[in-house]
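Colleague: Could you take a close look at one part of this model with me? I am new to this, so please spell out the terms as you go.

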Amino acid sequence: MTASHSDSLVVLFGATAGAYGAKLGSDERELVLLVWQVVDLPSKKVGTLHKSLVKADNLDLSDQCREVSGLTPEGLGKAEPLDRVLQQFSQLVSSDLKVLGRSSYTLCSDGQLLIRQVLHPETSKKNFLLSDCFYSFYDLRKEFHTCYPSSAAVKDQTIKTMAEYLGLGTDEAEEDFGVWQVKTMVAIIFSMLSEDHVFTEPETVKYKYETGPCSKSETVDSETVIRARGLPWQSSDQDIARFFKGLNIAKGGVALCLNSQGRRNGEALVRFVNSEQRDLALERHKHHMGSRYIEVYKATGEEFLKIAGGTSNEVAQFLSKENQVIIRMRGLPFTATQEDVLGFLGPECPVTGGKEGLLFVKYPDGRPTGDAFVLFSCEEYAQNALKKHKEILGKRYIELFRSTAAEVQQVLNRYMSTPLIPTLPTPIIPVIPPPYTIATGSIRDCVRLRGLPYTAGIDDILEFMGDATGDIKPHGVHMVLNQQGRPSGDAFIQMKSADKAFMVAQKCHKKMMKDRYVEVFQCSGEEMNFVLMGGTLNRSGLSPPPCKLPCLSPPAYAAFQTAAVIPAEAAALYQPQALLPTTRTPQASAAAPPTVTYYPAQAAQLYMNYTAYYPSPPVSPTTVGYIAAPPGAVAAAATATHTPILPQPGALVRMQGLPYNTGMKEILSFFQGYQYAPDDYNGLIQLSDQARSVLQAPKEWVCL
């Protein structure tokens, strides 16, 4: 009986200095024993049985290894290293095949651990190549289950259970360790041949990792994906594939994860060809890559697609060239062209396809991000390119890193999904439910707390105020949040009178709260509004914000308008966010009535004018609705506050980067020749102060 792959099998058995059986190779211990014998399938003849000890770098044997194998460090110290043993293996197998009149063979092992989890990882770490015969082998357990379907499941099979199923009367104690295993495996093979079993479908080990794109429309089985954590930041997909050497990774199955800044975070998602390979990968938990150990956990197909999946045809076309080395360039001048990049790389590292091998990363409006990906046809060209790391192009130094197809998708997905104008955390209209509005007069019956710990809550402020809590107006404590919805370190408190505010400022100024001192200033409601718009308030007085300077503002501004009530359907869009710590049960103060509430609902939190950068839109929006609030809420606010709202016809444009001394005359002169809104200067939108504090940076205008 012959096999379609070859006429001969080489039955192979091995052991490491550590775990034995189902955990073989899981502890990264080195190979210390190799036993083999050639079996001629047509004639059912066998060659000489060979047993060879292997000298490991670390001769410290585990207790299990000593007990099961009987090996000693002294005996292994006289053996040959693994590379010499493998050379002898090839020579002796060739000699035995010649005696039997055969030329080709396929390995046959007890399961997959010896080849996939021991030989391939160890030779990869020791930087020498295995011969081609180790990339194809038969798993005796699978072949046995195919021949005898009523036998135990493949994962539960051992040499002993297979021998017992066939009734083979071999005594393990009579033979040396390894010799009995090989002889029993040969006997099992002969029994299978008597049942007309044919060895036709060997297991294969991929020679190298194949790169390729992944589409978000693909279906990824969650039983094939793992997450590797603790990777060196400079590791590439090839480094990760080398870590999992011996296991078959799916094409384009390595996805390096990036953090919010677009840099690698030391994690990767790896997709294998089947669940069996994934399970073997999990056994490499805390194996080492260099001097670092790598954690390996289960992951899901959804997680993999989120990182590696893409929808861009441009990216798919760029990645369609297979077996290319991808290099990422970061920090390119925004004016850099394809010719500039090709000139920077030079003739010593030619780009695959010339300009077609370059992919510039851009924002949705076409602006460059300073990133690009480059394809090289071989490792030599890629290494030459990496030598240019931090060399100068124009006036900037350029960073070059190894990259992956999944990283290309991830970077493109990140930038292409960036909104042109990010969604603001709050609506542009005040959401302070009446009757708890903020005073707008000049009476200095408020105090400002500056320098609060970011973890401080309402109860911390009440405790800080001490006996003065009895002089706080109901719902008079206002925490100030920044545009990210986080505590800014400021708070405003409305007192019952100006005298009470003065006393609090004198008593509590620079008093400690937790591990920080807090500054306390007396102020009025109007001054409070100025501070929220970017002005400064301290004991030296008040400095108005830039937008309040006479040369920059339209003639009249109201302070905080009477609060608008958002309709129920619009209010549903702005559910209160849990931005502050959960408040503790307040301790009743002797001076404070227990029924008084000192702080407003979460919807009444104030937002400071912390300026953020918003990219200019490629076209002018036709309505104000894109800013933040839904049209219904804007209309309701207009009705309640009598604030002019933009008419629907026309276009809204935004001017950014104006000189601080720019006035309306200069703006109207700039737009000379264009038709703007009539009625004198009404085209310059007079936004409410609170809207301006959320939307407008000090040197910007919004024009119609």
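Colleague: Is Phe144 buried or exposed, and what is its relative accessible area?

Modeller: Happy to help! First, this is a predicted model, in which local features need pLDDT of at least 70 and side-chain atom pairs count only at pLDDT 80 or more, while totals for chains, interfaces and linings use all residues. Residues are numbered from 1 along each chain as its sequence is written, and side-chain values use heavy atoms, with hydrogens and water left out.

Now to your residue. Phe144 is buried, with a relative accessible area of 0%; buried means under 20%, exposed over 50%, and partly exposed in between, using a 1.4 Å probe and protein chains only. Its ring has a partner in Tyr148: the two centres are 4.8 Å apart and the planes meet at 45°, so the pair is tilted. Rings of Phe, Tyr and Trp (its six-membered ring) pair if their centres lie within 6.5 Å; planes under 30 degrees apart count as stacked, over 60 as edge-to-face and the rest as tilted. Tyr148 is also buried, at a relative accessible area of 11%.

The structure holds 12 aromatic pairs. Another of them joins Phe89 and Phe134, with ring centres 5.6 Å apart and planes at 40°, so this pair is tilted too. Both Phe89 and Phe134 are buried. Elsewhere, Phe13, Tyr20 and Phe177 make up one aromatic cluster.
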